[in-house]
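Subject: Handing over a structure, with notes on what was found

Dear colleague,

I am passing on the structure below, and I would be grateful if you could keep it open while you read the notes that follow.

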Amino acid sequence: MSYAGDLTPREAFELLRDDGDAVLVDVRTEAEWTYVGVPDAAALRRPPVFASWLPVEEDAPGARFLAELERAGVGPGHRDPVVFLCRSGKRSVGAATAATAAGIGPSYNVLDGFEGDLDEHGHRGGAGWRAQGLPWRQS
């Protein structure tokens, strides 16, 4: 594995709640943050970092993302736990891998992300952060 490992949403929440130095990074898009919702920072020790994982950059995949992390104080040499969250737990694997390669971490992925995979009816929401009843809000 090229990152520290996978956490269930509840394990991620407990790590973030109990370790005042741990950081949550939500790697979804601005539209997802705005219209779907975000983890509620009031229940965590520090607000989440919002940095979209955009691995499609031609010259250096993830370079813009890593620069956003560094501006938020989560740059190379950051040695506290970093928990990456996306919609379904897939983009956040790439983000955790890129962060680990950049010397950030330990970096973790949240399984099932914020709202999980599509169900048999083509809907999300049956798994992930929200479905586990963890604190979240909409703007």
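Which residue of β6 does D6 stand opposite? Before the answer, please bear in mind that this is a predicted model. The partner of D6 is N109 in β6, and the two belong to strands that run alongside each other, since strand β1 (residues 5-7) and strand β6 (residues 107-110) pair in the parallel sense over three bridges.

Strand β6 has a further partner in β5, and here too the pairing is parallel, with three bridges. In this case F84 stands opposite N109, so that N109 faces D6 as well as F84 by the definition of pairing used here. Together with helix α4 (residues 91-101), the strands β5 and β6 make a right-handed β-α-β unit.

F84 deserves a paragraph of its own. This residue is found in strand β5 (residues 82-85), and with a relative accessible area of 0% it is buried. Leaving aside neighbours within four places in sequence, F84 is in contact with a list of residues that includes V25, V27, F65, L69 and N109. Its C-alpha atom is separated by 6.1 Å from that of L24, although F84 and L24 are 60 residues apart along the chain.

The nonpolar interior can be described next. The largest nonpolar core has 18 residues, and those with the most contacts inside it are V25, V27, F65, L69 and F84. Two or more residues of this core come from each of β2 (23-26), α3, β5 and α4, and it is α4 that gives the most, with four residues. V25, when its neighbours within four places in sequence are left aside, is in contact with V49, A51, F65, L69, V82, V83, F84 and L85. Apart from this core lies another, of 14 residues, with A12, L24, V36 and V83 among them.

Turning to the aromatic rings, the count comes to five aromatic pairs. In one of them, the ring centres of F13 and W129 are 6.1 Å apart and the planes stand at 80°, and because an angle over 60 degrees counts as edge-to-face, the pair is given that name. F13 lies in helix α1 (residues 9-18) and W129 in helix α5 (residues 128-131), so the pair ties together parts that are 116 residues apart in sequence. Both partners fall below the 20% limit for a buried residue, with F13 at 10% relative accessibility and W129 at 0%.

W53 and F65 form an aromatic pair that is likewise edge-to-face, with 5.1 Å from centre to centre and 85° between the planes. W53 sits in the loop between β4 (49-50) and α3 (63-71), whereas F65 is in helix α3, and the two residues are twelve apart. W53 and F65 are buried, and ring pairs link them with F84 into a cluster, which brings the strand residue described above back into view.

Finally, there are charged side chains placed over rings. R28 lies over the face of F114, at 4.3 Å from the ring centre, while R130 lies over the face of W136, at 4.9 Å from the ring centre.

With kind regards

How values were computed: Residues numbered from 1 in each chain as written. Predicted model: local features only at pLDDT ≥ 70, side-chain atom pairs only at ≥ 80, totals over all residues. Heavy atoms only, no water. Phe/Tyr/Trp six-rings, centres within 6.5 Å; stacked < 30°, edge-to-face > 60°. Buried < 20%, exposed > 50% of the residue type's maximum accessible area, 1.4 Å probe, protein only. Lys NZ or Arg CZ within 6 Å of the ring centre and 35° of its normal. Contact = heavy atoms within 4.5 Å. Right-handed = clockwise from strand over helix to strand, strands pointing away. Core = buried A, V, L, I, M, F, W, Y, C linked by side-chain atoms within 4.5 Å.
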